[in-house]
Amino acid sequence: MSDDIKELAQRKLNFFQTLKAILWAFLGIRKGAGYQEDISRLNPVHIILAGIIGVLIFIFILVMVARWAISGLA
């Protein structure tokens, strides 16, 4: 691995702080200064994991809504 990637992986925020920042981003109500601060402190590995978790939760919710809608038609 290059030194840049090693440095990025050593950033300070823990996984739950990264999740919080990602959730604020999903809602779209983050101030510019807070966004810039998070970007400088987020661990890219945590961002990838949080993104995968977010996608899985989103798909689960869509499937549940679709099942509910289909069961309401019958």
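**A nonpolar surface patch and a pocket on a helical chain**

In this predicted model, a nonpolar patch on the surface is formed by I53, V55, I57, F58, I59, F60, I61, L62, V63, M64, V65 and W68, which together have about 1200 Å² of accessible area. One of these patch residues, F58, is found in helix α4, the element that runs over residues 44–73. The side chain class of F58 is nonpolar, and F58 is exposed because its relative accessible area of 52% falls in the range over 50% that the term requires.

The setting for this patch is a protein chain that contains 4 helices and 0 strands, so that, when the chain is read along the sequence, the pattern α-α-α-α appears. Of the 74 residues in the protein chain, 16% count as buried. The accessible surface of the protein chain comes to about 6200 Å², and 71% of that surface belongs to carbon and sulfur atoms.

From the patch the reader may turn to the largest pocket, in which about 160 Å³ of space lies. The lining of the largest pocket is made up of L19, I22, L23, F26, A50, I53, G54, I57, F58 and I61. I53, I57, F58 and I61 are named in this lining and are also among the residues of the nonpolar surface patch. Helices α2, covering residues 15–27, and α4 each supply at least two residues of the lining, while α4 gives the most, with 6 residues. By residue class, the lining of the largest pocket divides into 9 nonpolar residues and 1 polar residue, with no charged residue; the polar one is G54, because Gly is counted among the polar residues.

A further position to consider in helix α4 is H46. Is H46 buried or exposed? H46 is buried, because its relative accessible area is 17% and the cut-off for a buried residue is under 20%. The residues H46 and F16 are 30 residues apart in sequence, and their C-alpha atoms are 8.9 Å apart in space. Helix α4 therefore holds both H46, which is buried with a relative accessible area of 17%, and F58, which is exposed with a relative accessible area of 52%.

Technical notes. Residues numbered from 1 in each chain as written. Predicted model: local features only at pLDDT ≥ 70, side-chain atom pairs only at ≥ 80, totals over all residues. Heavy atoms only, no water. Patch = residues over 30% accessible without salt bridge, like charges linked within 9 Å, V, L, I, M, F, W, Y side chains within 5 Å. Areas by Shrake-Rupley, 256 points an atom, 1.4 Å probe, with all protein chains shown as cover. Salt bridge = Lys/Arg side-chain N within 4 Å of Asp/Glu carboxyl O. Buried < 20%, exposed > 50% of the residue type's maximum accessible area, 1.4 Å probe, protein only. 1 Å grid on protein atoms, 1.4 Å probe; cavity = no way out; pocket = protein on both sides within 12 Å on 5 of 7 lines; lining within 4 Å. Points joined across faces, edges and corners; volume = space filled by probe spheres on them.
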